[in-house]
Amino acid sequence: MTYDPTGHLLLTPVDREAPARVRRLRELGLGEHPDPAFDAFADRLAEVTGAPYSMVNFIDENRQFFAGLHTPTGTHSGTRSGADLAAQGAVGRYMARDHGYCPHVVVRRKALVLEDVCDYPRFAGNPVVDEIGIRSYMGAPLIDRTGTTLGTVCVVDTEPRPWGRPGLETIKSLAAELVEQIHRREDARRL
């Protein structure tokens, strides 16, 4: 675990499964390139939830990679990092592992709903709050047939959102749907 030396709040959880996840992502050919099918899935996530931002996110030991990305403008900012683009009001394909809430979802292996991140001291101090203006988050893990948590699907907003139980059920259902899509890809490659 890492701690903020001033407030002693848990910031980013230790991820002991990261090496196994990286091996599995490489085996599947995921997590290094934008994917039009994942961009389309992120577009659908945004449409279904009404969120302005949505991602299909694969996480390694050091960074997060948005293989699928939806932004309000519909633009996808290539391979630039989130920090580089935050000042311009854009979202990139990469983000540091200690930014955002997806690393928590991956380690917990459970969905996470934050209707207003500022209501949770543990999450309010995350860099995405000040750098990008994130105020609400909802994400679910992508756990594949080997039991490996590959990453997440998530949606975020710059305003607090009452996601509620319907939002939780929706994000979990969409995560399961995407895992099945990943399994079909893997099966097709084996043939």
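**Notebook: cavity and aromatic rings**

I split the lining of the largest cavity by type and got 13 nonpolar residues, 4 polar and no charged (nonpolar is Ala, Val, Leu, Ile, Met, Phe, Trp, Tyr, Cys and Pro; charged is Asp, Glu, Lys and Arg; the others, Gly among them, are polar). Note to self: this is a predicted model, where local features need pLDDT of at least 70, side-chain atom pairs pLDDT 80 or more, and totals for chains, interfaces and linings use all residues. Numbering runs from 1 along each chain, and side-chain values use heavy atoms, without hydrogens and water.

I looked for cavities (points on a 1 Å grid over the protein atoms alone where a 1.4 Å probe fits but cannot get out; lining residues have an atom within 4 Å of a point). I got 1 cavity of 30 Å³ or more, and the largest has a volume of about 130 Å³ (the space filled by probe spheres set on the points, which are joined across faces, edges and corners). Of its 17 lining residues, Met 55, Met 95, Gly 100, Val 128 and Val 156 are closest to the centre.

Next, the rings. I found 5 aromatic pairs in the whole structure (Phe, Tyr or Trp rings, six-membered for Trp, with centres within 6.5 Å; planes under 30 degrees apart are stacked, over 60 edge-to-face, the rest tilted). Tyr 120 and Phe 123 sit edge-to-face, at 6.4 Å centre to centre and 65° between the planes. Both belong to one aromatic cluster with Tyr 101 and Tyr 137.

Last, I checked a charge over a ring (NZ of Lys or CZ of Arg within 6 Å of the ring centre and within 35 degrees of the ring normal). Arg 185 lies over the face of Phe 38, 4.4 Å from the ring centre.

Definitions and conventions:
On a 1 Å grid over the protein atoms alone, a cavity is a set of points where a 1.4 Å probe fits but cannot get out, and a pocket is an open set with protein on both sides within 12 Å along at least five of seven lines; lining residues have an atom within 4 Å of a point.
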